[in-house]
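Biologist: I have just opened this one and would love a friendly tour. Could you tell me how each label is earned as we go along?

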Amino acid sequence: MKQRRIEDRKDYYYWKAKKNGYRSRAAYKLLQMDKKFGLIKKDYWILDLGASPGGWSQVAVELGARVVAVDLNPMKEIDGVTFIQGDICSEETLEKIVKIRERFDAVICDASPKITGNWDIDHLKSVDLAKSAFMIAKRVLKPGGNFVVKMFQGEETPRLFNQFKGYFRFKKLHSPQASRKRSSEIYFIGKGFKGFSTLK
Ligand SMILES: C[S@@+](CC[C@H](N)C(=O)[O-])C[C@H]1O[C@@H](n2cnc3c(N)ncnc32)[C@H](O)[C@@H]1O
């Protein structure tokens, strides 16, 4: 365990984030996905779910967006970010979000469950979080909007992809270079939300 922590601390993106003032190495995952897929633009409204400590929110603000961020844990202030401390699986949190803003250009979710070390349990918990993020995205995304959500890969991954894909013009499962080699995480990227009018 100690060896693994030392390994983590020596990670290239960990040091790069520290040097460049990002709160997490995860910031580079969003930067890389944005560069590849063009997810965030100037003046966009972004909903950042599972946002703490705030690396993704920092990136979104740098790209000229305004952000509403949500996490179970507290998050230190960032200019341009309105923070809600809450559970993305609860209806109460959704009510708080829409009180601040009804519609978003993109919903991005990097929420992770507490890791148990059991691959199947962690996978299923991450699937639940991804489904909750999707429920929120369906409620608040503008037609044409973008959706990014993390999950840990497992047997539910294809089912989840099939569930999400019909709602977006462009859809892909993607693993950014900044994801750790040993990590099972993968991101669903959906662009061009079709909105409800076109769906059954
Ligand atoms: C990997 S971190 C996110 C890192 C963030 N993207 C960044 O760049 O700083 C995952 C976060 O998901 C949050 N989380 C997990 N379950 C959640 C839930 N049900 N509701 C809200 N946040 C949750 C955790 O508290 C944790 O802060």
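Modeller: Gladly! Let's begin with a definition: a disulfide is a pair of cysteine sulfur atoms within 2.5 Å. Please keep in mind that this is a predicted model. A search of the whole structure finds 0 disulfides.

Biologist: How do you know that cysteine 89 is in no disulfide?

Modeller: The nearest cysteine sulfur belongs to cysteine 109 and is 9.0 Å away. A disulfide needs the two sulfur atoms within 2.5 Å, so this pair does not qualify.

Biologist: Why is cysteine 109 called buried, and why is cysteine 89 called partly exposed?

Modeller: Buried means under 20% relative accessible area, and cysteine 109 has 1%, so cysteine 109 is buried. Partly exposed covers the range between 20% and 50%; cysteine 89 has 44%, so cysteine 89 falls there.

Biologist: What makes glutamate 185 count as buried?

Modeller: Its relative accessibility is 5%, and the cut-off is under 20%, so glutamate 185 counts as buried. This residue is found in strand S7. Leaving aside neighbours within four places in sequence, glutamate 185 is in contact with Lys29, Lys150, Met151, Phe152, Gln153, Ser175 and Ser179.

Biologist: What makes the pairing of glutamate 185 and lysine 29 a polar contact?

Modeller: Their side chains are joined at 2.8 Å. The limit for a pair of N or O atoms is 3.5 Å, so the distance fits. Lys29 is itself one of the buried residues of helix H3 (residues 27-37), along with Ala27, Tyr28, Leu30, Met33, Asp34 and Phe37.

Biologist: Which elements do the buried residues of H3 pack against?

Modeller: They pack against helix H2 (12-20), helix H4 (55-62), S4, S5, strand S6 (168-174) and S7. Just after H3, glycine 38 takes a positive phi of about 60°.

Biologist: Why is H4 described as largely enclosed by the rest of the structure?

Modeller: Because 6 of its 8 residues are buried. Those are Gly55, Trp56, Ser57, Gln58, Val59 and Ala60. Just after H4, glycine 64 has a positive phi of about 95°.

Biologist: Which residues touch the most other members of the largest nonpolar core?

Modeller: Leu47, Leu49 and Phe147 do, in a core of 33 residues. The elements giving two or more residues to this core include strand S1 (45-49), strand S2 (66-71) and helix H6 (119-140). H6 gives the most, with 8 residues.

Biologist: What does leucine 47 touch?

Modeller: Not counting residues up to four places away in sequence, leucine 47 touches Val68, Val70, Ile97, Phe104, Ala106, Val107, Ile108, Ile136 and Val140. There is also a second, separate core of 29 residues, and Ala17, Leu39, Ala65 and Tyr187 are among them.

Biologist: Now the ligand. Which residues are closest to it?

Modeller: Of the 21 residues that surround the ligand, the closest are Ser24, Gly55, Asp71, Asp87 and Asp110.

Biologist: What makes aspartate 71 a polar contact of the ligand?

Modeller: An N or O atom in the side chain of aspartate 71 is 2.6 Å from an oxygen atom of the ligand. The cut-off is 3.5 Å, so the pair qualifies. Backbone N or O atoms also lie within reach of that cut-off: serine 52 has one 3.1 Å from a ligand oxygen, and glycine 54 has one at 3.0 Å. The protein covers 86% of the 600 Å² of accessible area that the ligand has on its own.

Definitions and conventions: Residues numbered from 1 in each chain as written. Predicted model: local features only at pLDDT ≥ 70, side-chain atom pairs only at ≥ 80, totals over all residues. Heavy atoms only, no water. Core = buried A, V, L, I, M, F, W, Y, C linked by side-chain atoms within 4.5 Å. Buried < 20%, exposed > 50% of the residue type's maximum accessible area, 1.4 Å probe, protein only. Helix = DSSP H or I, 4+ residues; strand = E, 2+ residues; numbered from the N terminus. Contact = heavy atoms within 4.5 Å. Near = heavy atom within 4 Å. Polar contact = N/O pair within 3.5 Å; in protein donor to acceptor, adjacent residues only side chain to side chain. Areas by Shrake-Rupley, 256 points an atom, 1.4 Å probe, with all protein chains shown as cover.
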